[in-house]
Amino acid sequence: MCFDWGPGEMLVCETSFNKKEKSDMMPGCPFIHIIRKNEDVYSQILRKLFNESHGIFVGLQRIEEELTGKSRKAQLVRVSKNYRSVIRACLEEMHQLAIAGKDPASDRQFSIQVSSLSAMELIWNLCEILFIEVAPAGPLLLHLLDWVQLHVCEVDSLSADVLGSENPSKHERFWNLVTVLVLQGRLDEARQMLSKEANTNPTSAGMCRILGDLMRTMPVLSPGNTQTLTELELKWQHWHEGCERHLQDGTFASSPHLESLCKIMLGDEAALLEQKELLSNWYHFLVTRLLYSHPTVKPMDLHFYAQSSLDLFLGGESSPEPLDNILMAAFEFDIHQVIKECSIALSNWWFVAHLTDLLDHCKLLQSHNLYFGSNMREFLLLEYASGLFAHHSLWQLGVDYFDYCPELGRVSLELHIERIPLSTEQKALKVLRVCEQRQMTEQVRSICKILAMKAVRNNRLGSALSWSIRAKDAAFATLVSDRFLRDYCERGCFSDLDLIDNLGPAMMLSDRLTFLGKYREFHRLYGEKRFVDAASLLLSLMTSQIAPRTFWMTLLTDALPLLEQKQVIFSAEQTYELMRCLEDLTSGRPVRGEPDAQQLQDDDVETTKVEMLRLALARNLARSIIKEGSLEGS
């Protein structure tokens with residue numbers, strides 16, 4: 001469609017039109033519409049996510065060499081949890097803003113971002129369990145229960161609502177709360193709720209006690225337990241048979257609620273699906289189903305149960321959402337599909353870049369190289385870092401991401417850093433520091449040239465000269481030096497004396513800069529009344545051809561006070577040299593930009609100046625010959 005991303009993340013369209021033929025019939029638009037490629041970098045809260053996660057990312061790269069053996073897995077799990085805590089903090093802050101917001105448009109935006117962050121945390125947590133923790137059968141279900149309890153959090157508000165009433169067991173949603181607690185495997189809390197029902201309703205006290213005992217005696221593999229999976233399966237089978245017996249005997253027949261709870265604890269699929277509304281999603285249904293039917297499920301079997309749970313829960317009424325596809329890919333242990341689906345579904349590259357980097361450190365992506373040379377980790381990090389460079393301050397984070405991309409990071413950084421708008425000198429110095437730390441010579445030179453040009457436009461000659469020296473740009477240093485000399489001719493004094501006095505070896509960058517430095521040194525010597533040294537330096541500037549011919553008349557004029565001193569400063573030989581220079585200037589071939597002989601003769605001021613110089617030179621020559629002759633005679 002002829003659109004492309006232009007500089008500064010702007011969407012541009014190339015148009016073809018004939019400038020010569022202007023037609024009034026051509027449609028016109030008085031506006032330019034700017035479309036941002038990466039809107040998320042401008043979100044204040046997401047910027048916190050980017051800033052906080054940057055530190056975790058850099059820390060992970062630095063400890064890579066130290067990660068070995070058992071400590072490696074523990075360190076990587078800790079890094080993963082650090083990433084999740086950052087997502088959670090941003091999620092909570094975004095949620096508060098969504099609640100407190102008054103503007104419908106911003107509320108809608110916050111709600112979208114809350115949903116996106118919730119999905120990120122949900123996916124990341126599952127990937128942590130399956131790919132980083134690599135939990136075996138037994139502990140796997142405990143991790144999945146924690147996962148569901150963390151991300152299906154409506155139960156907490158429901159619990160507060162019910163328990164906050166005068167008589168919780170009479171609350172209209174009391175049995176909803178008990179059912180949700182059982183569905184989430186929070187059986188201790190469910191027993192406490194049943195005890196409230198038993199106290200209030202003596203007729204059901206016996207049934208509540210029996211069901212409470214079944215909940216209490218349900219075998220669960222706790223983290224510190226040393227029992228084997230076989231022992232757990234035998235105990236669980238025995239417990240399951242006990243539950244089934246009570247159901248068949250009609251123990252709970254007089255209480256539909258308790259009977260329904262018993263069916264759920266038996267893993268009855270029909271009973272579970274009746275609670276669709278309380279389960280709210282298929283992966284909650286999956287974990288509840290595993291808890292009460294297959295507590296020792298193995299990781300390799302997860303995808304079978306996940307697929308059947310998804311099919312049963314949706315029941316052909318609706319098709320899976322993108323989030324469902326991502327979670328399903330994770331349950332199938334298809335890491336690349338997870339990353340691919342996330343790249344499509346999520347609004348920015350933050351998630352996939354950091355998750356892929358972490359999984360790469362887990363040695364799970366070693367075999368996957370992309371056809372254009374870079375591996376998946378590097379490709380995603382480059383995309384994420386490129387997005388950061390669109391922001392006026394986040395680009396500084398992007399630098400580190402480029403640094404840790406060994407193949408294409410350096411080249412990408414060079415390309416992106418040249419496009420940063422140098423809006424202030426402070427920002428320019430930051431960019432320059434980045435380039436100098438990485439020996440990016442061409443970029444340093446380019447930035448210094450830009451800053452030198454800006455300084456010249458603002459008539460800040462000292463700053464311009466400083467930047468041109470730093471850029472080692474001889475041509476620009478010559479240009480700025482000429483401006484200094486022109487200003488001196490107009491005003492009779494130099495600006496930025498500190499800079500010119502401390503040029504040092506930098507003055508060798510160009511002849512004109514050398515002349516500027518030496519000419520300033522002449523003035524310093526003259527001010528210190530070191531007339532002989534000053535005279536020698538002045539003459540050498542003219543005879544060595546360092547001084548531009550356009551400036552010779554100024555130099556000769558500077559020689560006048562020295563020629564008129566009581567003591568003889570210039571020797572006869574030096575005086576002859578000065579005379580030769582004056583004659584070359586007045587009668588020699590005119591050079592472009594300098595006054596020719598005719599112009600000098602026509603100009604009364606110049607003519608007077610030339611006559612004064614000739615007279616002073618003649619007088620000095622006579623005095624120097626007499627002085628030198630008397631010295632020889634003695």
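In helix H23, Leu461, Gly462, Ser463, Ala464, Leu465, Trp467, Ser468 and Ile469 are buried. Buried means under 20% relative accessible area, exposed over 50%, and partly exposed in between (1.4 Å probe, protein chains only). The model is predicted: local features need pLDDT of at least 70, side-chain atom pairs count only at pLDDT 80 or more, and totals for chains, interfaces and linings use all residues. Residues are numbered from 1 along each chain as its sequence is written, and side-chain values use heavy atoms, with hydrogens and water left out.

**Helix H23**

- H23 spans residues 461–470, and 8 of its 10 residues are buried, so the rest of the structure largely encloses this helix.
- Helices (H or I, at least four residues) and strands (E, at least two) are DSSP runs, numbered from the N terminus.
- Lys472 comes just after H23 and takes a positive phi of about 55°.

**Whole protein**

- The protein has 31 helices and 2 strands.
- Of its 634 residues, 45% count as buried.
- The average pLDDT (the predictor's confidence in each residue, from 0 to 100) is 82, and 84% of the residues score at least 70.
- Among the elements, helix H15 (residues 322–331) has the highest mean pLDDT, 95, and helix H30 (residues 597–602) the lowest, 51.
- Contact means heavy atoms within 4.5 Å.
- Among contacts with a separation of 6 or more, 65% join residues 24 or more positions apart.

**Glu378**

- Glu378 sits in helix H18, residues 376–388.
- Glu378 is buried, yet has no salt bridge.
- A salt bridge needs a side-chain nitrogen of Lys or Arg within 4 Å of a carboxyl oxygen of Asp or Glu.
- The nearest side chain of opposite charge belongs to Arg377, 5.0 Å away.
- For charge, Lys and Arg count as positive and Asp and Glu as negative; His and the chain ends are not counted.
- Leaving aside neighbours within four places in sequence, Glu378 contacts Cys405, Pro406, Glu407, Leu408 and Gly409.

**Ser169**

- Ser169 lies in the loop between helix H5 (154–163) and helix H6 (174–183).
- Ser169 has a relative accessible area of 8%, so this residue counts as buried.
- Its side chain makes a polar contact of 3.1 Å with the side chain of Asn167.
- Another polar contact, of 2.9 Å, joins the side chains of Ser169 and Thr200.
- A polar contact is a pair of N or O atoms within 3.5 Å; within protein, one must be able to donate a hydrogen and the other to accept it, and residues adjacent in sequence count only if both atoms are side-chain atoms.
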